[in-house]
Amino acid sequence: MNILEKIDGYIKKENMIDSGDGIVVALSGGADSVALFLCLEKLRERYDLKLVAAHVNHMIRGKEADQDEAYVRKLGQDHGIPVEVLKKDVPRYARENSMTEEEAGRYIRYEFFREIKKKYGFNKIAVAHHMDDLCETVIFNMIRGSGIKGLVGILPVRDDVIRPLLSVDKEEIKDFLKEEDVPYCIDATNYDTDYSRNRIRNVIIPELLKINSKAVYHIGRISSSLREINQGFEREADKYDFLSEDEKRSIDGSCLRPLDKNVRYEIYLRMIESLVHKRKDITAVHLENIDRLVLKQETGKTVNIPYGILVRNSYGKLIMTKDDTDDKKKEDSLSAQFNVEIIDADQELIDSIIRKEQKDERTVKMIDFDKIKGGIGFRYPEEGDTIVIDSKGNTKKISRIFIDGKIDREERKRWPLVVDSENVIWVSGLRLSPAFHIDKDTKRICKITYYPATPDRKE
């Protein structure tokens with residue numbers, strides 16, 4: 001079977017193309033994209049396709065990049081297919097947006113592809129990932145600690161993007177171009193092994209092929225099998241909805257605990273993607289940490305994961321929130337109401353505090369610094385917050401503290417709390433947790449002074 005029929009069979013198997021489709025073909029000028037371009041051009045009549053090629057000059061390789069641009073323009077002209085070109089300074093864009101050049105390049109390319117798709121009224125984008133790329137991605141995700149989702153690798157179809165070459169390897173592509181007597185551009189940066197992916201591509205995969213010449217195909221088959229398994233988990237995850245509120249996502253942990261671990265992981269990933277519109281930096285370790293919150297049901301426990309997301313368990317509810325500038329401003333404003341001093345304890349001072357000879361002021365508290373877990377912080381009350389009220393570890397809801405203190409309902413929302421990573425230390429001006437009391441073993445004292453805001457408690 002020649003490469004064209006093999007690719008056509010894969011297109012049919014994965015339902016990639018329908019008759020009459022309009023396709024934007026990503027054309028860098030390299031071997032893979034040129035092969036994709038030629039194959040779709042040869043299949044154009046069979047599927048009644050409308051094609052346009054899209055090329056991005058990243059302005060990274062100077063004259064070589066300009067030569068690539070000239071090459072793809074001529075290739076399109078030779079085959080009667082229009083070529084749209086974007087010239088963009090990717091290194092500069094990456095610096096200005098705090099991104100890697102790889103991330104910036106990918107973002108710019110896909111934005112451009114979709115812009116061209118809209119301009120022509122087309123419905124799909126074809127990119128040139130092949131079986132070696134799939135193998136590379138699986139290995140890369142494996143060594144990063146990804147779960148099943150990462151080991152699926154590259155999907156043949158995702159939203160409006162199709163990948164017809166995933167059924168063939170790099171050697172088949174080179175042989176095809178040789179038979180067609182079509183030249184292609186070579187990007188020297190692809191051979192720089194300082195990059196992890198290049199090291200996998202140019203060092204690890206060739207070594208695997210020495211062990212077994214079908215290694216790439218075997219890894220591709222494993223990826224395909226895992227995709228089918230993962231699809232089952234995804235279908236099960238479809239049955240469970242989470243609540244979306246601005247920069248917050250939440251779901252009742254009781255509905256998650258009976259599920260297969262992989263279904264839970266898929267739900268976590270969907271919550272993350274819903275919140276920040278990406279998930280690629282989330283590894284199995286992050287998912288395990290989130291899962292621990294759900295399974296152990298420890299209220300107040302928190303986990304930090306990539307993209308500035310804080311995950312916490314609040315009375316059986318899994319909650320994800322995203323840090324943003326406004327939240328940081330609120331936090332800074334809140335912190336300004338407190339002064340924290342660390343004092344080396346001496347026996348005389350400790351004894352006087354234990355005997356309550358020190359005046360217990362509503363706006364000044366002295367606690368055992370070494371009983372604080374994960375650092376001291378300040379925030380407003382959240383639903384389900386509690387505070388330890390006695391030496392036995394019994395707790396009381398903060399909402400009840402406010403009721404007992406006859407605090408106005410609206411005022412409660414903006415009442416500052418002093419907290420550590422696991423507990424409420426002090427409901428400022430109202431109740432201090434005895435879990436932080438100074439005792440005879442105290443080595444360092446944390447003195448917290450609270451400066452209440454104006455009478456209406458507005459910052």
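**Exercise 1. Decide how far helix α2 is enclosed by the rest of this predicted model.**

*Solution.* Start with the count: 10 of the 12 residues of α2 are buried, so the helix is largely enclosed by the rest of the structure. Next, put names to that count. The buried residues of α2 are Ala31, Asp32, Ser33, Val34, Ala35, Leu36, Phe37, Leu38, Cys39 and Leu40. Burial here means a relative accessible area under 20%.

**Exercise 2. Check whether the length of α2 agrees with the rise expected of a helix.**

*Solution.* Helix α2 covers residues 31–42, which makes 12 residues. At 1.5 Å a residue, the expected span is 16 Å. The end C-alpha atoms of α2 are 16 Å apart, so expectation and model agree.

**Exercise 3. Work out which parts of α2 are touched by Val25 and by Ile173.**

*Solution.* Take Val25 to begin with. Val25 belongs to strand β1, residues 22–26, and its relative accessibility of 1% counts as buried. Leaving aside residues up to four places away in sequence, Val25 touches Leu36, Phe37, Leu40, Leu51, Val52, Ala53, Ala54 and Ala126. Now compare that list with the buried residues of α2, which include Leu36, Phe37 and Leu40.

Then turn to Ile173, which sits in helix α9. With 0% relative accessibility, Ile173 counts as buried. With the same neighbours in sequence set aside, Ile173 touches Ile3, Ala31, Asp32, Ala35, His130, Leu165 and Val168. Among the buried residues of α2 are Ala31, Asp32 and Ala35.

One more step uses C-alpha distances. Ile173 and Ala35 are 138 residues apart along the chain, yet their C-alpha atoms are separated by 6.4 Å. For Val25 and Arg227, 202 residues apart along the chain, the separation is 25 Å.

**Exercise 4. Find the setting of two residues, Asp181 and Tyr315, that have a positive phi without being glycine.**

*Solution.* Asp181 has a phi of about 55°. Asp181 is placed in the loop between α9 (170–180) and α10 (196–211). Its relative accessible area is 68%, so Asp181 is exposed, the cut-off being over 50%.

Tyr315 also has a phi of about 55°. Its loop runs between β10 (309–314) and β11 (317–322). At 40% relative accessibility, Tyr315 counts as partly exposed.

**Exercise 5. Judge whether the chain is spread out or a compact globule.**

*Solution.* Begin with the make-up of the chain: 18 helices and 20 strands. Its radius of gyration is 30 Å, well over the 23 Å that the globule rule gives for 459 residues, so the chain is more spread out than a compact globule. The extents of the C-alpha trace can be set beside this: about 95 × 45 × 45 Å along the principal axes.

Now look at the inside. Buried residues make up 43% of the 459 residues. Of the contacts with a separation of 6 or more, 71% are between residues 24 or more positions apart.

**Exercise 6. Describe the exposed area and the charges of the chain.**

*Solution.* The chain exposes about 24,900 Å². Carbon and sulfur atoms supply 48% of that area. For the charges, count 80 positive and 84 negative side chains. Finally, compare the centres of the two sets, which lie 3 Å apart.

Definitions and conventions. Residues are numbered from 1 along each chain as its sequence is written. This is a predicted model: local features need pLDDT of at least 70, side-chain atom pairs count only at pLDDT 80 or more; totals for chains, interfaces and linings use all residues. Side-chain values use heavy atoms; hydrogens and water are left out. Helices (H or I, at least four residues) and strands (E, at least two) are DSSP runs, numbered from the N terminus. The radius of gyration is taken over C-alpha atoms; the globule rule is 2.2 Å times the number of residues to the power 0.38. Buried means under 20% relative accessible area, exposed over 50%, partly exposed in between (1.4 Å probe, protein chains only). Contact means heavy atoms within 4.5 Å. Accessible areas come from the Shrake-Rupley method with a 1.4 Å probe; for residues, only the protein chains shown count as cover. Lys and Arg count as positive and Asp and Glu as negative; His and the chain ends are not counted. The place of a charge is taken as NZ of Lys, CZ of Arg, CG of Asp or CD of Glu. The expected span of a helix is 1.5 Å times one less than its number of residues.
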